Amino acid sequence: MKQYIARRVGYSLLSLFLLSLTIFLFIRLTGDPAALLVEPGASAQDIENIHRRLGLDRPLWEQYWLFVASFVQGDLGLSFYYRTPVLDLYLQRLPNSLLLAAVAMAFSLLIGIPSGILAAVRVGRMWDSAGKMFALLGLSLPSFWVGLVLILVFTVWLGWLPSSGAGTAAHVVMPAFALGWYFAAAHMRLTRSSMLEVLGSEYVKLARLKGLPEALVIGKHAFKNALIPVITLAGINLVVMINVAVVVETVFAWPGIGRLLYEGISFRDFPVVQGVVVIGGAMIVLVNLAVDIVYALIDPRIRLAR
Amino acid sequence: MSTITPTIAAPAPVSLTWRRLKDFPLIPTLILLLIAFVAIFADVLAPYDPQIGSLARRFRPPFWQEGGSMEYLLGTDHVGRDVLSRLMYGARVSMIVGLAAVLVAGALGTFLGIVAGFLGGWVDQVIMRLTDTWLALPALTFAIFLAAIVGPSELNIIIILGGVYWTRYARVIRGEVLSLKEREFVNLAVVAGCSRAKIMWRHILPNVINSAIVLATLMLGVVIVTEAALSFLGVGVPPPKPAWGLMLADGKKGLMVGYWWLTVLPGVCIMLMVLSANLLGDWLRVKLDPQLRQL
């Protein structure tokens, strides 16, 4: 077991190293940030000065080493554009991203789990087919388009909800729904297949043989056990939501992490991009690592297999 | 025992239409064929040039609405271009980008998956760690990033999407190759003196091509949505080309004053195409490859 964990941790660190290196090199391919920071018609000397100030005149390996060394110490460097620490910028936006992801997750579970159960209990009937269509729709509609249509209906036509910005509870409803629907579909699919598996198991048959009412069999015996994989997926998806919301954030002008990254890329703000991407990657890698280890603890077959 | 016990073995009878839909996705196939037809013959079918408009006739609504006319069936956009013509040419962009990107991703992923699975050892390690790294970065973020490097153009988008989405193929195909290479026919090929390259090409590839096709159908939807998202963000197909995602971005200019057709219509096109591809892919998945049902 120790060996398994050590190997998994090693792989995760390797992935993070490769990710940081990839992003470090790729962002430098987008062009010279100094060109966006100087006035038009600046002299070569001005550009030279900016390079020196930002540390871009040093050899690449030294820049990379500085980035990694300070990252490990929790220092993400100064933003080229805002001239403030990247960590501060990140922490300013993080609550917004967390709020959006949390509400979107609540939506997706509230829609996904009941419809998944319903589809499993009524397998092959109308509810099942309706659920399948709903799930396919969720997976097929681009979230930004769902967002635009929501704005059209609830802001322009009905005038109920604000179309952009953050601050009040009304602001979070539409972006969260647009982001959550896609995941609702995924959660519904998993709930359905997980429920079907549990409903076919011995202990559910036993519960029925005991003469328990059907509602109790499904609600207590089956549902609780079927929920485990769904909760696991939801945990992973929460992290994913924080990191993929860029398009929804753009539609609703929601000040989250995704926007920060997007602006960073457009301004060639190297420290911002490196910081946001590596933190996001670290979150995803960590969650995957945690899932791998927990599964290995539960199921010995996983850790014995190579 | 209660009478409403759900059984898995014997599904309740469903209506005939539904069963037929389940058996062969006729409507989705027809929709895809229609989109392909429009894409191919956009030159002939489109009533106007999709890139030329006139400010004198901007923001005309569709014909059934007040102020609309049969001249511009689905209305005009913020610079007076015909929406119907742009949608038709947009189908071409989506089709070309979607199919080409899926092909690039499929070729790359299948190749890497076969090589990783068959050769094993350090080659496998390198490819799989690379896959993990790719997956640690959300696909869309990655695509935006690459688009910022190489600049927006149709060809670049195809390469970017191919370069982002090969990971799924690589993972699935590698898994299949791992079990395939233990099979008798592979051992026999080794005994017969086939080179490793030849075994991979002649014996392994034909056995994983089904999975690759199923994955390709399912990926088509993902790729089209991503292309639309990139164009929407302004890093995809460059304006004034008529791409559906770009039309949505332009549509935002009329959204707050209620010019709904500029937002709803391109989205409906994307939805129809992606939904059809997904339905067809789901059906193919069940028919062609029972192993992939869990995917």
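This is a short talk on a predicted model with chains A and B, going through helices, one residue and the contacts between parts.

First, the conventions. Residues are numbered from 1 along each chain as its sequence is written, and chains are lettered from A, with ligands numbered from 1, in the order in which they are written. Because the model is predicted, local features need pLDDT of at least 70 and side-chain atom pairs count only at pLDDT 80 or more, while totals for chains, interfaces and linings use all residues.

I start with chain B. It has eleven helices and zero strands; here helices (H or I, at least four residues) and strands (E, at least two) are DSSP runs, numbered from the N terminus. Of its 295 residues, 47% count as buried. A residue is buried if 20 or more other C-beta atoms lie within 10 Å of its own, exposed if 12 or fewer, and partly exposed in between, with C-beta atoms placed from the backbone. Two residues are in contact if their C-beta atoms, placed the same way, lie within 7 Å. Among contacts in chain B between residues at least 6 apart in sequence, 71% join residues at least 24 apart.

Now helix H5 of chain B, residues 121–136. How far should its 16 residues span? At 1.5 Å a residue the answer is 22 Å, and the end C-alpha atoms are 23 Å apart, which agrees. The expected span is 1.5 Å times one less than the number of residues. Its buried residues include Ile127(B), Thr131(B) and Trp134(B). They pack against helices from both chains: H1 (2–29) and H13 (270–298) of chain A, and H4 (83–119) and H7 (154–180) of chain B.

Helix H6 of chain A, residues 126–140, can be treated likewise. Its 15 residues should span 21 Å at 1.5 Å a residue, and its end C-alpha atoms are 21 Å apart, which agrees. Among its buried residues are Asp128(A), Gly131(A) and Ala135(A). The cover over the buried residues of H6(A) includes H5 (86–121) and H8 (169–199) of chain A, along with H9 (196–233) and H11 (261–288) of chain B.

Next, one residue. Phe252(A) sits in the loop between helix H11 (246–251) and helix H12 (257–266) of chain A. Is Phe252(A) buried or exposed? It counts as buried, because it has 28 C-beta neighbours inside 10 Å. Setting aside neighbours within four places in sequence, Phe252(A) is in contact with Gly147(A), Ser164(A), Met174(A) and Pro175(A).

What about the two chains together? Their contact takes 42 residues from chain B and 45 residues from chain A. On the side of chain B, H11(B) gives the largest share, nine residues. That side divides into 31 nonpolar, nine polar and two charged residues. For these classes, Ala, Val, Leu, Ile, Met, Phe, Trp, Tyr, Cys and Pro count as nonpolar, Asp, Glu, Lys and Arg as charged, and the others, Gly among them, as polar.

Last, the domains of chain A. The assignment gives domain 1 (1–81 + 269–306) and domain 2 (86–266); such bounds come from an automatic or database domain assignment. Their centres, taken over C-alpha atoms, are separated by 29 Å. The contact takes 18 residues from domain 1 of chain A and 14 residues from domain 2 of chain A. The side of domain 1 that touches domain 2 has twelve nonpolar, five polar and one charged residues.
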